[in-house]
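Trainee: I'm new to this structure and would love a close look at one part of it. Could you pick a place to start and walk me through it slowly?

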Amino acid sequence: MLDKISKKILNELQNDGRISNVELASRVNLSPAACLERVRKLQESGYVTGYTALLNPVLLDVALMVFIEVVLDRTTPEVFDAFKRSVQVIPEVLECHMVAGGFDYLVKARVKDMNAYREFLGKSLLQLKGVRETHTYAVMEEVKNTTRLPVF
């Protein structure tokens with residue numbers, strides 16, 4: 001169970017993963033040594049799994065985000081495993097989730113534009129073993145996009 005200070009640390013790290021230990025300690029009212037030890041324990045216990053930079057997709061020319069429902073031709077462990085292995089190495093795919101409901105996987109991808117999407121779909125996704133059909137939703141506006149998890 002996390003205490004109030006550990007939760008504050010996690011929230012501050014989500015705000016700025018590059019914050020200095022001295023600044024973090026100041027914000028959570030700890031000594032730098034105590035804060036450093038808390039962060040180390042949070043990392044070791046798996047609460048903090050890594051640090052990353054958030055990049056601007058428009059400047060990197062991958063502004064079009066799409067969500068793709070994927071239906072597999074069979075729902076066997078072998079087909080699921082083959083799909084998972086294949087989709088993990090496609091660079092345009094940002095997220096892939098097995099879901100319950102009317103389709104098997106929900107894929108989130110980024111590409112340059114609709115022409116690039118059509119090429120990605122035909123040369124990458126539809127070529128994967130076991131893919132029977134897809135339904136695509138192009139994002140017109142990102143209303144909320146965050147990596148922050150609620151820490152209460």
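Mentor: Happy to! A helix here is a DSSP run of at least four residues marked H or I, and the helices are numbered from the N terminus. One more thing to keep in mind is that you are looking at a predicted model.

Let's make helix H5 our main stop, with a short warm-up in helix H3. H3 covers residues 32-44, and both Glu37 and Arg40 belong to it. They sit three residues apart, about one turn of the helix. Their side chains form a salt bridge, in which the closest N and O atoms are 2.2 Å apart. What kind of surroundings do the two partners have, buried or exposed? Neither word quite fits: Arg40 counts as partly exposed because its relative accessibility is 33%, and Glu37 counts as partly exposed too, at 30%. This pair also has company, since Glu37, Arg40, Lys41 and Glu44 are linked in a network of salt bridges. The structure as a whole holds 13 salt bridges.

Now move along the chain to H5, which runs over residues 114-125. At its start, look for Asp113: one of its side-chain oxygens reaches to within 3.2 Å of the backbone nitrogen of Asn115.

Next, turn H5 so that you can tell its sides apart. Tyr117, Phe120, Leu121, Ser124 and Leu125 are buried. Seen down the axis of H5, these buried residues fall within an arc of 110°, so they line one face of the helix. What does that face pack against? The buried residues of H5 pack against strand E1, helix H4 (77-87), strand E2 (93-98), strand E3 (105-111) and strand E4 (131-138). If you colour those elements in your viewer, you can follow the packing from one to the next.

On the other side of H5, you will find Asn115, Arg118 and Lys123 exposed. Asn115 is thus a residue to look at twice: its backbone nitrogen is the one that the Asp113 side chain reaches, and it belongs to the exposed group.

Lys123 deserves a second look as well. Its side chain meets that of Glu119 in a salt bridge, at 3.8 Å from N to O. Both residues lie in H5, four residues apart, which is about one turn of the helix. How do the two partners compare with the cut-offs for exposure? Exposed means over 50% relative accessible area, so Lys123, with 63%, is exposed. Glu119, at 47%, counts as partly exposed.

Before you leave, let's follow one of the neighbours of H5 back along the chain. Strand E1, which the buried residues of H5 pack against, covers residues 64-72, and Asp61 is found in the loop between H3 and E1. Asp61 has a phi near 65°, a positive value in a residue other than glycine. With a relative accessible area of 42%, Asp61 is partly exposed. A similar backbone feature turns up at Asn29, which has a positive phi of about 60° although it is not a glycine. Asn29 lies in the loop between helix H2 (21-27) and H3, and its relative accessible area of 62% makes it exposed.

So, if you want one picture to carry away, keep H5 in mind: buried residues line one face, while Asn115, Arg118 and Lys123 are exposed on the other side.

How values were computed. Residues numbered from 1 in each chain as written. Predicted model: local features only at pLDDT ≥ 70, side-chain atom pairs only at ≥ 80, totals over all residues. Heavy atoms only, no water. Salt bridge = Lys/Arg side-chain N within 4 Å of Asp/Glu carboxyl O. Helix = DSSP H or I, 4+ residues; strand = E, 2+ residues; numbered from the N terminus. Buried < 20%, exposed > 50% of the residue type's maximum accessible area, 1.4 Å probe, protein only. Arc of directions from axis to C-beta. Contact = heavy atoms within 4.5 Å. Polar contact = N/O pair within 3.5 Å; in protein donor to acceptor, adjacent residues only side chain to side chain.
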